[in-house]
Amino acid sequence: MLRLLTLILFTFLTIPSTALATSTPPPANLGEQEMMQENIPDSVSTTARVLEIIEEGTELDEMTQAEREFQHLNVEILSGEYKGREIEVIGYNYADTYYASSNFWFEEGDRITVRFQVENGEISFAAP
């Protein structure tokens with residue numbers, strides 16, 4: 001009886017794992033993988049200096065319906081391939097909410113970390 005029970009238990013434990021192993025999808029086609037990677041812009045993080053605060057205030061985030069503070073800044077990139085270039089960035093501050101992961105408030109002259117995306121050699125998106 002014990003042998004029969006052990007055999008049944010072993011069968012139920014090994015069959016599902018064998019079935020899962022055979023249903024694993026094949027590796028992605030290299031051509032498709034390259035095409036997907038081509039559509040992803042390069043992301044860069046670098047140091048910048050705040051040259052000017054263009055605008056700051058509060059607004060309602062349409063997606064979360066939470067009030068958020070924002071700063072529209074003109075910054076100079078201090079390192080990397082785009083060193084010396086001035087770009088505009090907009091940062092948001094979700095104070096006292098679930099989304100309070102990017103709390104900041106910058107002043108002119110501050111050194112900040114800026115991340116931006118590059119498409120076709122041009123900066124397409126930037127944020128502090």
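1. A convenient place to start in this predicted model is Arg68, a residue that sits in strand 2. With a relative accessibility of 13%, Arg68 falls below the 20% limit and therefore counts as buried. Leaving aside residues up to four places away in sequence, Arg68 touches Gly57, Thr58, Glu59, Asp61, Tyr92, Asn93 and Tyr94.

2. Two acidic side chains deserve attention here. The side chain of Arg68 makes a polar contact of 2.8 Å with that of Glu59, and the pair also qualifies as a salt bridge, with the N to O distance given as 2.8 Å. The side chain of Asp61 lies 3.5 Å from that of Arg68 in a further polar contact, and this pair, too, meets in a salt bridge. Glu59, Asp61 and Arg68 are accordingly linked in a network of salt bridges. As to burial, Asp61 is buried, as is Arg68, whereas Glu59, at 28% relative accessibility, counts as partly exposed. As a general remark, side chains of opposite charge can pair when their charged atoms come close.

3. The structure holds four salt bridges, and one of them joins Arg85 to Glu122, where the closest N and O atoms are 3.8 Å apart. Arg85 belongs to the loop between strand 2 and strand 3, while Glu122 belongs to strand 5 (residues 122-127), so this pair ties together parts that are 37 residues apart in sequence. Both partners are partly exposed: Arg85 has a relative accessible area of 30%, and Glu122 has one of 46%.

4. Turning to the overall arrangement, five strands form an open sheet in the order 3-2-1-4-5, with antiparallel pairing. Strand 3 and strand 5 stand at the edges and have a single partner strand each, so one side of each is left without a neighbour in the sheet. From one strand to the next, the twist averages 45°. Strand 2 and strand 3, which run antiparallel, are joined by eight bridges; among the paired residues, Gln71 has Gly91 in strand 3 as its bridge partner.

5. Which residues have the most contacts inside the largest nonpolar core? That core has 15 residues, and those with the most contacts inside it are Leu73, Val75, Ile87, Val89, Ile112, Val114 and Phe116. At least two core residues come from each of strand 1 (42-60), strand 2 (67-77), strand 3 (86-93) and strand 4 (111-119), and the largest share, four residues, is supplied by strand 4. In soluble globular proteins, nonpolar side chains tend to be buried together.

6. Val75, one of the core residues named above, is worth inspecting individually. Not counting residues up to four places away in sequence, Val75 touches Ala48, Arg49, Val50, Leu51, Arg85, Glu86, Ile87, Val89, Ile112 and Val114. This list includes Ile87, Val89, Ile112 and Val114, which are likewise among the residues with the most contacts inside the core, and it also includes Arg85, the residue that forms a salt bridge with Glu122.

7. In the loop between strand 2 and strand 3 the reader will also find Ser79, which is partly exposed, with a relative accessible area of 30%. Beyond residues up to four places away in sequence, Ser79 touches Thr46 and Thr47, and its side chain makes a polar contact of 2.6 Å with the side chain of Thr46. The C-alpha atoms of Ser79 and Ala48 are separated by 7.6 Å, although these residues are 31 residues apart along the chain. Ala48 also appears among the residues that Val75 touches.

8. Finally, two residues other than glycine have a positive phi value and could be examined when checking the backbone. Gln65, in the loop between strand 1 and strand 2, has a phi near 60°, and at 52% relative accessibility Gln65 counts as exposed. Asn120 is placed in the loop between strand 4 and strand 5; its phi is near 55°, and with 82% relative accessibility Asn120 counts as exposed.

Key:
Residues numbered from 1 in each chain as written. Predicted model: local features only at pLDDT ≥ 70, side-chain atom pairs only at ≥ 80, totals over all residues. Heavy atoms only, no water. Core = buried A, V, L, I, M, F, W, Y, C linked by side-chain atoms within 4.5 Å. Buried < 20%, exposed > 50% of the residue type's maximum accessible area, 1.4 Å probe, protein only. Contact = heavy atoms within 4.5 Å. Polar contact = N/O pair within 3.5 Å; in protein donor to acceptor, adjacent residues only side chain to side chain. Salt bridge = Lys/Arg side-chain N within 4 Å of Asp/Glu carboxyl O. Pairing = 2+ DSSP bridges. Axes fitted to C-alpha atoms, helices over the stretch in contact; angles between N-to-C directions.
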